[in-house]
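Let's take a friendly walk through the inside of this protein, with an eye on how its side chains pack. Have the sequence and the structure open as you read.

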Amino acid sequence: MPTLPTLSRRAALLGLTAALPLAGARAQTASPTGDWPSRPIRWVNPGPAGGAGDVISRLVADRLQGRLGQPVVVDNRPGAGTNIGMTQVARAAPDGYTVGLATIAANAANKWLYRNMPFDPEKDFAAVGLIALVPNIVVIPPAVPARTLQEFITWAKAQGRPINFGSVGAGSSQHLAGSQFQIITGVPLQHLPYTNSGQMNSDLIEGRIDLLFQSISAVAQMAQAGRMRPIAVSGTARVSAFPDLPTMQEQGIDITSTGWFGLCTSAGVPEPILARLDDELQAIVQDPAFIERVTTGGAIPRAMGRAAFATWMAEESAKWRVVIEAVGARVD
């Protein structure tokens, strides 16, 4: 019977050596995130359509999908002080195809407000990065005679009743600013949470509520048109949308509360995907065109990577716990 030819040891080694560069090239060109993303990504905004969070979400999502090569679809899921939307993020598969807009409410304040939280903000999310700080503008109805913050405080104390103020929900930066205002000034406040930002603005204009700590983008046009009166900014500095409007701190009230928006995923998303999201987000937030667009709306773009953002959220949680416990705010 004829025998099959055998391969010499030297020839075999030469063949193996020749194959190694090809294997190395394949390894070098392989993506660290595998084939992610290979399908659309869902971006959950836990606030209402048309609100500041919706605006920021769409600005970033539009740019992110161009960088990732897949659609990034914004899904507004408001309710329960952002808990409804962020519950969906916390429970999503840890595959990088669901991301969420991190906020001062869901990721810092709500654990101290709600008796029964549907998620643990420290354990159930992975931080990606900060996007922007969002100072609030303090606005009152045109019928109120006050022109400054101190004049409003004097007017409010003379009413002999709690002053009604609205917010987009318990734990929002508007709610927390009002809580600080009550502690510092001694003005009794009655918090009225809304699920519809437009209705809240209308109620202020018509005098059904007395005060709003509202996101600048939500009321800038109405305030500039004289339909409501701006009397202060709640952040640490004046904003370009209202350059002549002094901060609360400038007017003797030491409140510098600022809302913020960031990006997170469910816990357990693979490290390479988180790193890619972090890199892309920071590039977007530092882009001059993005900075100009966000600044015009009254927010302050602020790039911050994953580790720093996780620390930031923990510090914010500790800060607002003190305020919330001081006013005894609770949500059943």
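## Aromatic pairs in the interior

Both W260 and W312 are buried. This is a predicted model, so please read every value below as computed from it.

Those two tryptophans belong to a wider set, as a search of the whole structure finds 7 aromatic pairs. Among them is the pair of F165 and F213, which is edge-to-face. F165 sits in strand β5 (residues 163–167) and F213 in strand β7 (residues 211–215), so their pairing ties together parts of the chain that are 48 residues apart in sequence. Like the tryptophans, F165 and F213 are buried. W260 and W312 form an edge-to-face pair too. Here the link runs between strand β9 (residues 258–266), which holds W260, and helix α11 (residues 306–327), which holds W312; the two residues are 52 residues apart.

A pair of aromatic rings is described by the distance of the centres and the angle of the planes. Here are those values for the two pairs:

| Pair | Centre to centre | Angle between planes |
|---|---|---|
| F165 and F213 | 6.1 Å | 90° |
| W260 and W312 | 6.3 Å | 80° |

Ring pairs also join F181 with F165 and F213 in a cluster. One more ring to look at is that of Y97: the charged end of R39 sits over it, 3.7 Å from its centre.

## Two nonpolar cores

In soluble globular proteins, nonpolar side chains tend to be buried together. In this protein, buried residues make up 51% of the 332 residues.

Which residues of the largest nonpolar core touch the most other members? They are W43, I56, V60, I131 and F290, in a core of 32 residues. At least two residues of this core come from each of β1 (41–45), α2 (52–68), β2 (72–76), β3 (98–103), β4 (125–140), β9, α9 (271–285) and α10 (288–296). Helix α2 gives the largest share, 7 residues. There is also a second, separate core of 29 residues, and A90, A170, L176 and I324 are included in it.

## Helix α8 and its neighbours

Next, find helix α7 (residues 197–205) and helix α8 (residues 216–224), whose axes come within 11 Å and cross at roughly 35°. The crossing of α7 past α8 is right-handed. On the α7 side, S197, N201 and I205 meet A218, V219 and M222 of α8.

Those three α8 residues are buried, as are I216, A220 and A223 in that helix. The cover over the buried residues of α8 includes β4, α7, β7 and β8 (229–233). Just after α8 comes G226, which takes a positive phi of about 85°.

## T258 and the overall fold

Is T258, in strand β9, buried or exposed? It is buried, because its relative accessible area is 16%, under the 20% cut-off. Leaving aside residues up to four places away in sequence, T258 touches I104, L133, V134, P135, S173, G235, T236 and E316.

Stepping back, the protein has 11 helices and 10 strands. Among its contacts with a separation of 6 or more, 75% are between residues 24 or more positions apart. The two aromatic pairs in the table are examples of links across the sequence, at 48 residues apart for F165 and F213 and 52 for W260 and W312.

Terms used:
Residues numbered from 1 in each chain as written. Predicted model: local features only at pLDDT ≥ 70, side-chain atom pairs only at ≥ 80, totals over all residues. Heavy atoms only, no water. Phe/Tyr/Trp six-rings, centres within 6.5 Å; stacked < 30°, edge-to-face > 60°. Helix = DSSP H or I, 4+ residues; strand = E, 2+ residues; numbered from the N terminus. Buried < 20%, exposed > 50% of the residue type's maximum accessible area, 1.4 Å probe, protein only. Lys NZ or Arg CZ within 6 Å of the ring centre and 35° of its normal. Core = buried A, V, L, I, M, F, W, Y, C linked by side-chain atoms within 4.5 Å. Axes fitted to C-alpha atoms, helices over the stretch in contact; angles between N-to-C directions. Left-handed = near helix turned anticlockwise from the far one by under 90°. Contact = heavy atoms within 4.5 Å.
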